[in-house]
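Let's take a walk through this structure together, one part at a time. Have a look at it first, and then we'll start from a single residue and work outward.

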2 protein chains.
Amino acid sequence: MDAALGVFREHGFERTTMRQIAVEAGVATGAAYYYFDSKDALVMAFYGRAQEEMRTDLEAKLVCCKTLEARLRTIIAEKFEYFAPNRGLLGALSAHIDPEHPLSPFSEETKPIRDADLKFFEAAVKDSGVKLPREIQPYLPRLLWMYQMGLILFWVYDRSPGQRRTEVLFDHTLKMLLLTLRLAGIPLLRPMNRLAGELLRAAFEDDALDHAPGLPR
Amino acid sequence: MDAALGVFREHGFERTTMRQIAVEAGVATGAAYYYFDSKDALVMAFYGRAQEEMRTDLEAKLVCCKTLEARLRTIIAEKFEYFAPNRGLLGALSAHIDPEHPLSPFSEETKPIRDADLKFFEAAVKDSGVKLPREIQPYLPRLLWMYQMGLILFWVYDRSPGQRRTEVLFDHTLKMLLLTLRLAGIPLLRPMNRLAGELLRAAFEDDALDHAPGLPR
DNA sequence: TCAGTATTTTGAACATGTTCAAATACAAGC
DNA sequence: GCTTGTATTTGAACATGTTCAAAATACTGA
């Protein structure tokens, strides 16, 4: 695992060969497959370990944060900080959107990690005083998780010096997000809320389509 | 090309081998590489042809549409209709987010297609009467293009019967989008507009970071 | 100490995307 | 019809992720 991470960091995921990793680790090629199912599995293992290490870190850091903004900043900043030395490697993970692909952040294989990650956002919303229309509130943690994924994705491929673009993106979108949450209650936006609620139901719930309002086919 | 598309449709992109394609086309394996640089290039060629065929189709269909809503519906519906028989194959295209990957919708290689596609959205915005704050208006076509990409991505992996989920997603997000455009002018949202403008500058402009407001490092 | 079993290690073999030197087909000029 | 240069075709060879049967090693209980 350490050998793999080393070579990945030096040559990138794609250009690293399993034979290189084996040599680096001082074993035969086949030995790597005794401990890791595939080249992808190496990244998965790294991802899992990362999640675990960040969890302990974050639980400590989050006790003093009260507002949703502070909590979100803490969570997401932790990700950036932790992954910074392996930013390139993260590309191997986030490069696949296909939920069928084992390495996809939406796959069955990454579900445990995803669920653990989601807990942070559930905790961040809880007792934060944020109040949304009841048809939207339950989806907020999942939406925030996806917001985070988008940010990380942008960051992974951000080629501006020091990933300055991501900084601006993070700062501005977070402000816009919080502003939106604050505005969500005003009567003018009632139609928007209704649409959003139905949308989220269709996107997230398994039985949503049975009762969805008819649409022109 | 036809041989490839046939086998792709039958067995999927991943599980199709170049040797199969060659056999199907009645040539040697190497011959395929004389006409197509790679397996990916076959998908690219399909993508390019699709764009071209849809262009002529769409130009005809769009003459009678005046409102932005009607135009967007027409453009995006055309995509769904055209790609429906090859929905699975589109997964090979959209599976890669990495802008370095040739098949990514954001890669250098797909830029011509992307630019051609963008023209539809530029045309859709033009003379549609939609008026946005001037710091946002220039980015609207690109935002709409990305909106479309998101929809298509969702659709490609939508496993609900008849891709019903995507229908709801399309309908509701489009309504929300238009509602947002209509609301964008009200004074209450002035701070939102400012944030959005700066954000878009940072995301899209090459020189944006030089003048961006300072952020905590 | 040792036979027997479980675990670990090995390297050859396989599948598949891709490359390439050689063979073949073809067209133009005479 | 022959020559010559270009375009096309071929199939073997290569790189790399992966599998697997056999060998080596570690471990266990008597």
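Leaving aside its neighbours within four places in sequence, which residues is A:L89 in contact with? The list runs A:F8, A:R9, A:F13, A:V43 and A:F46. Keep in mind as you look around that this is a predicted model.

A:L89 is a handy place to start, since it belongs to the largest nonpolar core, a set of 44 residues. Together with A:V43, A:A92, B:V43, B:L89 and B:A92, A:L89 touches the most other members of that core. As for where the core gets its residues, helix 1 (2-11), helix 4 (39-62), helix 6 (87-94) and helix 8 (140-156) of chain A each give two or more, and so do helix 1, helix 4, helix 6 and helix 8 of chain B.

Now step back and look at how the two chains meet. Here 32 residues of chain A are in contact with 32 residues of chain B. On the chain A side, the elements that give two or more residues are helix 6, helix 9 (164-183) and helix 10 (190-204). Helix 9 of chain A gives the most, with 11 residues. Sort that side by class and you get 19 nonpolar, 6 polar and 7 charged residues.

How are the two copies arranged? Turn chain A by 180°, with 0.0 Å of shift along the axis, and it superposes on chain B with an RMSD of 0.1 Å. The two copies are therefore related as by a two-fold rotation axis. If you want to find that axis, look for A:H96: of the residues of chain A, its C-alpha comes closest, at 2.9 Å. The same surface serves both copies, with 100% of the contact residues of chain A recurring in chain B.

Next, the DNA. Around strand C there are 15 residues, and the closest are A:V27, A:A28, A:G30, B:G30 and B:S38. Helix 3 (29-35) of chain A gives two or more residues to this surface, as do helix 2 (18-25), helix 3 (29-35) and helix 4 of chain B. The most, 4 residues, come from helix 3 of chain A. By class, the surface near strand C divides into 6 nonpolar, 6 polar and 3 charged residues.

Over at DNA strand D there are 15 residues too, with A:G30, A:S38, B:V27, B:A28 and B:G30 coming nearest. This time helix 3 of chain B gives the largest share, 4 residues. The classes here are 6 nonpolar, 6 polar and 3 charged.

Chain A can also be viewed by its domains: the assignment gives domain 1 (1-36) and domain 2 (46-206). Their C-alpha centres lie 31 Å apart. Between them, 5 residues of domain 1 are in contact with 6 residues of domain 2. The domain 1 side of that meeting has 3 nonpolar, 1 polar and 1 charged residues.

Finally, two backbone oddities. Most residues other than glycine have a negative phi. A:Q163 has a positive phi of about 55° although it is not a glycine. You'll find A:Q163 in the loop between helix 8 and helix 9 of chain A, where it is partly exposed, with 19 other C-beta atoms within 10 Å. B:D127 also has a positive phi of about 55° without being a glycine. B:D127 sits in the loop between helix 7 (111-125) and helix 8 of chain B, and with 9 C-beta neighbours inside 10 Å it counts as exposed.

How values were computed: Residues numbered from 1 in each chain as written. Chains lettered and ligands numbered in written order. Predicted model: local features only at pLDDT ≥ 70, side-chain atom pairs only at ≥ 80, totals over all residues. Near = placed C-beta within 6 Å. Nonpolar A, V, L, I, M, F, W, Y, C, P; charged D, E, K, R; others polar. Core = buried A, V, L, I, M, F, W, Y, C linked by C-beta atoms within 7 Å. Buried ≥ 20, exposed ≤ 12 C-beta atoms within 10 Å, placed from the backbone. Contact = placed C-beta atoms within 7 Å. Least-squares fit on C-alpha atoms with pLDDT ≥ 70 in both. Domains from an automatic or database assignment.
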